[in-house]
Amino acid sequence: MDLMTHSSTFLLPTIPADQRPSLTYALVVLNQRLPRFTPLLWKHARLRLCADGGANRVYDEMPLLFPHEDALDVRQRYKPDVIKGDMDSIRAEVLDFYSSLGTKVVDESFDQDTTDLHKCVTFIRDYNPDWNKSELCVLVAGALGGRFDHEAGNINVLYRFSTMRIILLSDDCLIYLLPRTHRHEIYVQSSLEGPHCGLIPLGMPSCGTTTTGLEWDLTDMEMSFGGLVSTSNLVKDEKITVKSSSDLLWTISIRK
Ligand SMILES: Nc1ncnc2c1ncn2[C@@H]1O[C@H](COP(=O)(O)OP(=O)(O)OP(=O)(O)O)[C@@H](O)[C@H]1O
Ligand SMILES: Cc1ncc(C[n+]2csc(CCO)c2C)c(N)n1
């Protein structure tokens, strides 16, 4: 079984040259209060998208993160490459502003069956055939801590695109999928994340999950909703390992 390694180095100001693995980041900004570290994610990303009303957030809230700078300067500096969605939330002035700066606008108002995040992930997946898909990582800002139907839709995107690396982020925590096809090593950036963490068997039970590096490790344990779900667990070691018979969600808190 192949190994997949994970590390939240995108939360560091500069990504160490020896980071495991070296990833190409794309950022999707959703229509939720911008996490405070959004400018950092923006800097690391090679492609920046706003999902529909996410563009309002960049327009309204990026200047608030730089209170000593002129708002227009900040808006021009943080220009999304793409705005994609069904366009029922973006304000006309925001659309005009970014269109005039050259942002690509993809209006998919005809599709009322997939979410704006889903539409953005499709764009990223198909964007550059030269990008190695296993090294592509989608960071999603503002994915958690809001309306529960949206949160569930955002988590569903992890399952719909289970072969892509996608990380849902809020100010408080991050979530990603650990596919059952791999064994996993998670290198914890302990100055930035932890100690609280969880392993959640959403969608399907796990017949057997084994971990190392946690306060409450699992040894070939069954997990399911209605049965065992590992919440309020704690990171013990710098390296966590996980092997499971089913896909699991991994979540870890982000330090304030
Ligand atoms: N409160 C929220 N919590 C979590 N994610 C959100 C929230 N609001 C929006 N999002 C995410 O941002 C994306 C864009 O938001 P936007 O408000 O433009 O979507 P929408 O489909 O128009 O929403 P609505 O259901 O209100 O019509 C959504 O697809 C969703 O992924
Ligand atoms: C069974 C079912 N439930 C809800 C929706 C609504 N919906 C889901 S995604 C989306 C687009 C949001 O930008 C909308 C309106 C649907 N189509 N099918």
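# Ligands, rings and backbone in a predicted model

Tutor: Ligand 2 is surrounded by Asp 86, Gln 112, Asp 113, Thr 114, Thr 115 and Asp 116; please keep in mind throughout that the model is predicted.

Student: Which atoms of ligand 2 are 2.8 Å from a side chain, and which side chains are those?

Tutor: An oxygen atom of ligand 2 is 2.8 Å from an N or O atom in the side chain of Asp 86, and a nitrogen atom of the ligand is 2.8 Å from an N or O atom in the side chain of Asp 113. A backbone takes part too, with a polar backbone atom of Gln 112 lying 2.6 Å from a nitrogen atom of ligand 2.

Student: And how much of ligand 2 does the protein cover?

Tutor: Taken on its own, ligand 2 has 450 Å² of accessible area, and the protein covers 41% of that.

Student: What about ligand 1, how many residues surround it?

Tutor: Ligand 1 is surrounded by 17 residues, and the closest are Asn 31, Asp 88, Ser 89, Arg 147 and Asn 154.

Student: How far are the polar side-chain atoms of Asn 31 and Asp 88 from ligand 1?

Tutor: For Asn 31, a polar side-chain atom lies 2.9 Å from an oxygen atom of ligand 1, while for Asp 88 an N or O atom in the side chain is 2.7 Å from an oxygen atom of that ligand. Asp 116, which is listed among the residues surrounding ligand 2, also has a side-chain N or O atom 3.1 Å from an oxygen atom of ligand 1. The protein covers 81% of the 610 Å² of accessible area that ligand 1 has on its own.

Student: Switching to aromatics, how many pairs are there?

Tutor: The structure holds 8 aromatic pairs. One of them joins Trp 42 and Tyr 78, whose ring centres are 5.4 Å apart with the planes at 75°, so this pair is edge-to-face, the angle being over 60 degrees.

Student: Where in the chain do those two sit?

Tutor: Trp 42 belongs to helix H1 (residues 38-44), whereas Tyr 78 is in the loop between helix H3 (71-77) and strand S4 (82-85), so the pair links distant parts of the chain, 36 residues apart.

Student: Are Trp 42 and Tyr 78 buried or exposed?

Tutor: Trp 42 is buried at a relative accessible area of 4%, and Tyr 78 also counts as buried, with 10% relative accessibility. Ring pairs link these two residues with Phe 66 into a cluster.

Student: Which arginine lies over the face of Phe 66?

Tutor: That is Arg 77, at 5.0 Å from the ring centre. In another such arrangement, Arg 75 lies over the face of Tyr 59, at 3.9 Å from the ring centre.

Student: New topic: which residues have a positive phi without being glycine?

Tutor: Two to look at are Asp 52, with phi near 45°, and Asp 220, with phi also near 45°. Asp 52 is placed in the loop between strand S3 (45-51) and helix H2 (54-65), and Asp 220 in the loop between strand S11 (206-212) and strand S12 (221-223).

Student: Is each of them buried or exposed?

Tutor: Asp 52 counts as buried because its relative accessibility is 0%, whereas Asp 220 is exposed, at a relative accessible area of 57%.

Student: Where is there a cis peptide bond?

Tutor: The bond from Gly 194 to Pro 195 is cis, with omega near 5°, and Pro 195 itself lies in strand S10 (residues 193-200).

Student: One more: what does Thr 251 contact, and where is it?

Tutor: Thr 251 is found in strand S15 (residues 248-254). Leaving aside neighbours within four places in sequence, Thr 251 is in contact with Cys 173, Leu 174, Ile 175, His 196, Cys 197, Gly 198 and Ile 200. The side chain of Thr 251 also reaches the backbone oxygen of Leu 174, at 3.0 Å.

Student: Why does Thr 251 count as buried?

Tutor: Thr 251 has a relative accessible area of 16%, and buried means under 20%, so this residue falls on the buried side of the cut-off.

Key
Residues are numbered from 1 along each chain as its sequence is written. Chains are lettered from A and ligands numbered from 1 in the order in which they are written. This is a predicted model: local features need pLDDT of at least 70, side-chain atom pairs count only at pLDDT 80 or more; totals for chains, interfaces and linings use all residues. Side-chain values use heavy atoms; hydrogens and water are left out. Rings of Phe, Tyr and Trp (its six-membered ring) pair if their centres lie within 6.5 Å; planes under 30 degrees apart count as stacked, over 60 as edge-to-face and the rest as tilted. Helices (H or I, at least four residues) and strands (E, at least two) are DSSP runs, numbered from the N terminus. Buried means under 20% relative accessible area, exposed over 50%, partly exposed in between (1.4 Å probe, protein chains only). A charge sits over a ring if NZ of Lys or CZ of Arg is within 6 Å of the ring centre and within 35 degrees of the ring normal. A residue is near a molecule or strand if one of its heavy atoms lies within 4 Å of it. A polar contact is a pair of N or O atoms within 3.5 Å; within protein, one must be able to donate a hydrogen and the other to accept it, and residues adjacent in sequence count only if both atoms are side-chain atoms. Accessible areas come from the Shrake-Rupley method with a 1.4 Å probe; for residues, only the protein chains shown count as cover. Contact means heavy atoms within 4.5 Å.
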